[in-house]
Amino acid sequence: MTTDTTQTAETAPANSNSRANMFRWLTVAGGLATTASTFLAWTYTDEFPGDLTVYGYPGGLQVLTLVAGLLTTLYALAALDIKGLRWLAPTGTTKALQLLALGALGTTWFTVIAIAVELGGIVNLEPGGFVAALVSVIPVAAAFQLPDDTRKAQRPKELPSWAEILIIVAAFAIGLFVVTYGIDTEYAELFTGYMITVGFAIAALFKAGLMARLSALTTKYRSIAVAAAFVAAAAFPFTQNTDQFTLIAVNILIFATVALGLNIVVGLAGLLDLGYVAFLGVGAYTAALVSGTTASAFDVQFPFWASVLTGGAVSLIFGVVIGAPTLRLRGDYLAIVTLGFGEIFRITVGNLDGVSGPQVTNGPNGVPNVPDLVFFGYDFGEAHTIAGIELGSYANYYLLMLLAMILVVLVFSRAGSSRIGRAWVAIREDETAATAMGINGFRVKLIAFALGATLAGLAGTVQAHVQSTVVPEMYVFAGPVPPNSAFLLAAVILGGMGTISGPLIGATLLYMIPAKLQFLQDYQLLGFGIALILLMRFRPEGLIANRRAQLEYHETDQLDVPDKGLTDSGVGITKAGA
């Protein structure tokens, strides 16, 4: 009897492992079948964008399904412990595999449904479309039968310095390609499929622990990682043939820069500012009025450097003037006052038309015909050839805004780790306790408010020349066209307060989605609300969170699962929030 019981206990794990391997091989088969289905025609008409009618050549949304299928197959092979693929999942493969399979399923079924809806029924599907829809279910069904193999990541094998640096460079190159592909999408269906695929893929890489490993490398080689990031960003205009998509990238940089400025006020100092977009308007109007345009009430034409300094200085003055009497307020009261300031600014510039008030801003007509910037003879409004590649006017402004962002990132990082930055964090956490410890709360908050206003004003000076027109409707609390105060605040919260990369990612997502999906512009606030509700429920620290926020929001998870709370890289990725 004892022998039989012992044999049963020994064979149980073997049977369980055999069953798990069977489902892993089934996931491999499903991933390969999903990949192969993209080489079939999914519809017989080219009326659906992307031309999915060709056999043997994936196009449009089929390419995204192809990528998702290959990633699913790759991680399924890693789950089988294939030599050379173990590095793909330091913290386990099951959850990553489930997310990748869902991404392939979501992209495929979205495409099939979109074909049926836009073309008028499933009769417009070729057999390849039905095959793709069916086989994409296989890896999902198999992946969710796998046991959870989540584990604590082991210390990675030491690599030569050149190899680790090469990994960082390759990662940023892949990131540049992925972002460029998203910006260059030409129709809403492709962008939607792109968001589905990329969203699930990034979540899978976090679950697998690969992003934590990459984060550890970038921390180790911080200066090289920063340089690689900005080189990759600077390479973007060289990948474009026209200025059509470069303009989107310029606006993303402008709004991301402003979001970083707001992040000082909200993320570091904890001051809820609902009228922050007004400082962007102050800088834009100042630059427009001193640009030499015939629509200006002032007969002056400042050079580029002078207009930038003037815009920043005027925004700084407005920040001090508005902040001095209001920053003694806290919480909701401060939010109401700053909201009022934003609306007062918009109404005021709308009334300075020579009828309701002095002739300064041309009222609702704004300041049109703002000339292009000229810096040391370099005209930003003309195309220039660099390394044999012609860069249009928006590419020039893109590179200028990239330099401005470098300045803002440098200011943010230095200020955040300085004595004044620590005082901001103390005020944010508990102003009463910080004041009791000797911190002058009013002075510290006023510095944050003034610095944030200055950074927004600097971005506004460039925005005025990019848009060539400045009107009051561009600076509202909420509206269908970003930026606005609600947009900027949502970008900071979505990306992650108190971080550098968080607002950049948040601003990129919140600008690209309405720009690519035009039908969502009328429902922008609804979308923001739903996104923030989901964020507060599932990841309150934001998409990119600092270690302090990660530990605060997931303190219970840290206590419940002490071995799986953090990866060995030191990056705050919790079991619940990874």
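Modeller: Welcome! A nonpolar core is a set of buried Ala, Val, Leu, Ile, Met, Phe, Trp, Tyr and Cys residues joined through side-chain atoms within 4.5 Å. Please keep in mind that this model is predicted.

Biologist: Thanks! Which helix gives the largest share of the largest nonpolar core?

Modeller: That core has 107 residues, and Leu262, Tyr276, Tyr397, Trp424, Tyr475 and Leu488 touch the most other members. The largest share of this core, 16 residues, comes from one helix, spanning residues 246–268: α10.

Biologist: And how many residues are in the other core that lies apart from it?

Modeller: Among the members of this other core are Ala76, Leu80, Leu88 and Ala143. Its residue count is 20.

Biologist: Let me return to Tyr276. Which residues is Tyr276 in contact with, leaving aside its neighbours within four places in sequence?

Modeller: Tyr276 is one of the residues that touch the most other members of the largest core. Leu262 and Leu488 are also among those residues, and both appear in the contact list of Tyr276. That list in full is Val258, Gly261, Leu262, Val265, Gly452, Ala453, Ala456, Ser485 and Leu488.

Biologist: Now for the empty spaces. Which helix supplies the largest share of the lining of the second largest cavity?

Modeller: The structure holds two cavities of 30 Å³ or more, and about 40 Å³ of space lies in the second largest. Its lining is made by Ala490, Leu494, Leu510, Phe528, Ala531 and Leu532; by class, six are nonpolar, with no polar and no charged residues. Both α18 (485–495) and α20 (524–538) supply at least two lining residues. The largest share, three residues, is from α20.

Biologist: Leu510 caught my eye. Is Leu510 buried or exposed in α19?

Modeller: Helix α19 covers residues 501–516 and reaches 22 Å from its first C-alpha to its last, close to the 22 Å expected. Its buried residues include Gly502, Pro503, Tyr511 and Met512. Leu510 lines the second largest cavity, and within α19 Leu510 is buried.

Biologist: One on backbone angles: what is the phi of Asp81?

Modeller: Asp81 sits in the loop between α2 (61–79) and α3 (94–119). Its phi is positive, in a residue other than glycine. The value is near 65°.

Biologist: Last one: why does Ser468 count as partly exposed?

Modeller: Ser468 lies in the loop between α17 (441–467) and α18, and has a positive phi of about 65° although it is not a glycine. Partly exposed is the class between under 20% and over 50% relative accessible area. Ser468 counts as partly exposed because its relative accessibility is 31%.

Key
Residues are numbered from 1 along each chain as its sequence is written. This is a predicted model: local features need pLDDT of at least 70, side-chain atom pairs count only at pLDDT 80 or more; totals for chains, interfaces and linings use all residues. Side-chain values use heavy atoms; hydrogens and water are left out. Buried means under 20% relative accessible area, exposed over 50%, partly exposed in between (1.4 Å probe, protein chains only). Helices (H or I, at least four residues) and strands (E, at least two) are DSSP runs, numbered from the N terminus. Contact means heavy atoms within 4.5 Å. On a 1 Å grid over the protein atoms alone, a cavity is a set of points where a 1.4 Å probe fits but cannot get out, and a pocket is an open set with protein on both sides within 12 Å along at least five of seven lines; lining residues have an atom within 4 Å of a point. Grid points are joined across faces, edges and corners, and a volume is the space filled by probe spheres set on the points. Ala, Val, Leu, Ile, Met, Phe, Trp, Tyr, Cys and Pro count as nonpolar, Asp, Glu, Lys and Arg as charged, and the others, Gly among them, as polar. The expected span of a helix is 1.5 Å times one less than its number of residues.
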